[in-house]
Amino acid sequence: MFGRRAFFACAAALLATRQSLARGRSPVGGRAQLRVPWPTSLDPHQLDDMTCAIFGGSVFDSLYAVDEGRVVPALAETMPEAAGDGARVHLRAGLTNASGRPVGVREVVAALARARSADARAWLTDVPNPRRVDALTLHFPGIDAQKLAGFLASPLVAIDATGGFAASHEAGALILSRNDRAATGGAFLDALVVKPASDLADSLRSFEAGTDDVGWLGSGLHEPRAGARPFDAGAVGWVLLRTGRDAGSWDAPGVAQRLADGISPSLLAHLAPGPAWNVEPDQGWGGPPCDLLVRDDAPYLAEVARAVAAALSRSSHEVTVRQVPASMLRQRRASRSYALAIDAARPFAPGLLGTLAALATSDDPERARDAVRFPPRRGEMPPRTIARTMRVGVVCEVRVQGGRIPTLALPPRSSGGVSWASATRSRIS
C-alpha cells in the first residue's frame, strides 16, 4: 500500500518529476469497477475498518511510510530530527487535501488527536502531544526521533484526504477519483468505483457477466471469465473471534484462540483464509447456548460467522448467528456484553509490534499500552500465537485476491496490499 508513495518520498527534489517520468511509461486514465463484501465507508482511525485496510492507503497519507521494511518520509519533508529533549518533524510545503485546503501543523495535530481518541490510543502511548514551532514544524518532547518516525508511519494515524485518490459516495458506492493535489502524485486511473456486494457471489457474478473489472476472491461464479488473470495482494487484516462476559467461565484468555484453532481451514476455503493452520482437537463450544454477534453490513464477516457457528455448535450448546448494526456491535464490544462475536482488525504496522498492538487493542485497549511499551524481544511471532494470551482469537486472514481483466494492471504485491492509486488500465488488450 505504501510502495507508490514511499518510493518517491525519499527526496523532495524528485517529486516534481514523479508524474512526468512515471506516467510517460504507464497509461494514465480510464476507470475500473469492482464490488467488495464490506461496507463502503472509510475511517483511517478505526482498527476494524477493513475497507480502509484495502483502499485507505490510496486515499490517506501518513507523515511517514514503510517501504520494504524501511521508514521513509511521506507528508513529512525529512526524517524526524533530534531537537533538545525530543524530536522535530518538518512538513512539506504546499500540502493540500483533495478539496484544496492547506494541510499544515494544525491539521496534523487534529488528525493525531482524533487517532488517539479512536483506536490508536495505545499505539501512541509513548508519542507526546506535539507543539507548534512554526507553520510547517512540530516538536514532540521526550521521544527519540527514530522511534517517533515508526509510530507516525502507521496508516491508523493518517491525515485525511491527502492520497492519490479522493473519496466520495454516490448511491451507496465509494467513488475514488484521481486527486491531482496529492503530495506524492495523483492516481493513474481517473476513477475506481467500489460498490458494496450484497453477498460473496455478487462480485463473482458481476465479474463473470462483464459488469465489473475485478472479481473478489475468484474469477467467476459458475466458471472463470474468459481471459481473467489472477491477482493476490496478500493479507491486510484478520477476522477475530471474541469471548465476552456472557460466556461465563468460557470468557477466559486463550479460549477464543483455542476455539478458532479447532475450526478446519477447509470450512473457510471459499473465503481465502490464508495459509492453513494446524487444527487442534477440540470439543467445540461448551458454554451456554448463545448468539454469535456479527455486524450486518459486512457479508464477508457474516459468511465467516456462519461457518464458525456451524463448527462450534454442539447439542445443548448451540451457537446462533445474529447480525446487528455495526454501532451496536461496537457498543457491546466496549461493555463486553455478549458471549461470542465475530470482528475484524488490521495491523498498525508491518511486523511483530504492529500485529501485537492491533490484537492487544482489539482485546483490551487499556492493557494494550503495556504491550506496545514492552513488546516481546522475538523478531517474529504468528498472530495466532500472540492471541493465545487474549480474549480474542484469530480465525483467518482477510486477503485481497481474486481475478481481474487483462487490461487492468495491479502493482506487485507489497506488505500493505494493493496500491490502487498505482493501478493502470490500458486501452487495448
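# Exercises on a predicted model

Once neighbours within four places in sequence are set aside, Arg-295 contacts Pro-39, Asp-48, Leu-301, Gln-323, Val-324, Ala-326, Leu-329 and Arg-330. The structure is a predicted model. The exercises start from this residue and then turn to the whole chain, to one helix and to several loops.

## Exercise 1. The setting of Arg-295

Task: State where Arg-295 lies in the secondary structure, decide whether Arg-295 is buried or exposed, and find the partner of its side chain in a polar contact.

Solution.
- Step 1. Arg-295 belongs to strand β13, which covers residues 290-295.
- Step 2. The relative accessibility of Arg-295 is 8%. Buried means under 20%, so Arg-295 counts as buried.
- Step 3. The polar partner is Asp-297: the two side chains make a polar contact at 2.6 Å.
- Step 4. The contacts of Arg-295 beyond four places in sequence include Asp-48 and Gln-323.

## Exercise 2. The chain as a whole

Task: Describe the secondary structure, the overall dimensions and the charged side chains of the protein chain, and explain how its radius of gyration compares with that of a compact globule.

Solution.
- Step 1. The secondary structure consists of 12 helices and 18 strands.
- Step 2. For 429 residues, a compact globule would have a radius of gyration near 22 Å; the chain has 22 Å, so the two agree.
- Step 3. Along the principal axes, the C-alpha atoms fill a box of roughly 65 × 60 × 35 Å.
- Step 4. Of the 429 residues, 56% count as buried. The accessible surface is about 17,500 Å², and carbon and sulfur atoms contribute 51% of that area.
- Step 5. Among contacts with a separation of 6 or more, 70% join residues 24 or more positions apart.
- Step 6. There are 49 positive and 42 negative side chains, and the centres of these two sets are 3 Å apart.

## Exercise 3. The surroundings of helix α6

Task: Explain why helix α6 is described as largely enclosed, and identify what its buried residues pack against.

Solution.
- Step 1. Helix α6 spans residues 200-208, and 7 of its 9 residues are buried; the helix is therefore largely enclosed by the rest of the structure.
- Step 2. The buried residues are Leu-200, Ala-201, Asp-202, Ser-203, Leu-204, Ser-206 and Phe-207.
- Step 3. These buried residues pack against strands β1 (31-36), β10 (191-196), β11 (214-216) and β16 (392-404), and against helix α8 (299-312).
- Step 4. At the N-terminal end, Asp-199 acts as the cap of α6, with a side-chain oxygen 3.0 Å from the backbone nitrogen of Ala-201.
- Step 5. Just after the helix, Gly-210 adopts a positive phi of about 90 degrees.

## Exercise 4. Positive phi outside glycine

Task: For Glu-68 and Ala-171, give the phi value, then determine whether Glu-68 and Ala-171 are buried or exposed.

Solution.
- Step 1. Glu-68 is a residue other than glycine, and its phi is positive, near 55 degrees. Glu-68 sits in the loop that joins β2 (64-67) to β3.
- Step 2. With a relative accessible area of 80%, Glu-68 is exposed.
- Step 3. Ala-171, also a residue other than glycine, has a positive phi near 50 degrees. Its loop runs between β8 (165-170) and β9 (173-178).
- Step 4. The relative accessible area of Ala-171 is 85%, and Ala-171 is therefore exposed.

## Exercise 5. Three further loop residues

Task: Classify Ala-120, Met-79 and Arg-367 by accessibility, and give a C-alpha distance for Ala-120, Met-79 and Arg-367.

Solution.
- Step 1. Ala-120 lies in the loop between α4 (105-117) and β6 (131-134). Its relative accessible area is 0%, so Ala-120 is buried.
- Step 2. Ala-120 and Val-157 are 37 residues apart in sequence, with their C-alpha atoms 7.2 Å apart. Excluding residues up to four places away, Ala-120 touches Ala-115, Leu-156, Val-157 and Phe-348.
- Step 3. Met-79 is in the loop between β3 (70-73) and β4 (81-83), and its relative accessibility of 33% makes Met-79 partly exposed.
- Step 4. Beyond four places in sequence, Met-79 is in contact with Tyr-64, Val-71, Val-72, Pro-73 and Ala-149. The C-alpha atoms of Met-79 and Pro-37, 42 residues apart along the chain, are separated by 38 Å.
- Step 5. Arg-367 occupies the loop between α10 (352-363) and α11 (368-373). At 56% relative accessibility, Arg-367 counts as exposed.
- Step 6. Arg-367 and Asp-297, 70 residues apart along the chain, have C-alpha atoms separated by 29 Å.

Terms used. Residues numbered from 1 in each chain as written. Heavy atoms only, no water. Helix = DSSP H or I, 4+ residues; strand = E, 2+ residues; numbered from the N terminus. Buried < 20%, exposed > 50% of the residue type's maximum accessible area, 1.4 Å probe, protein only. Polar contact = N/O pair within 3.5 Å; in protein donor to acceptor, adjacent residues only side chain to side chain. Contact = heavy atoms within 4.5 Å. Rg over C-alpha atoms; globule rule 2.2 N^0.38 Å. Areas by Shrake-Rupley, 256 points an atom, 1.4 Å probe, with all protein chains shown as cover. Lys, Arg positive; Asp, Glu negative; His and termini not counted. Charge placed at Lys NZ, Arg CZ, Asp CG, Glu CD.
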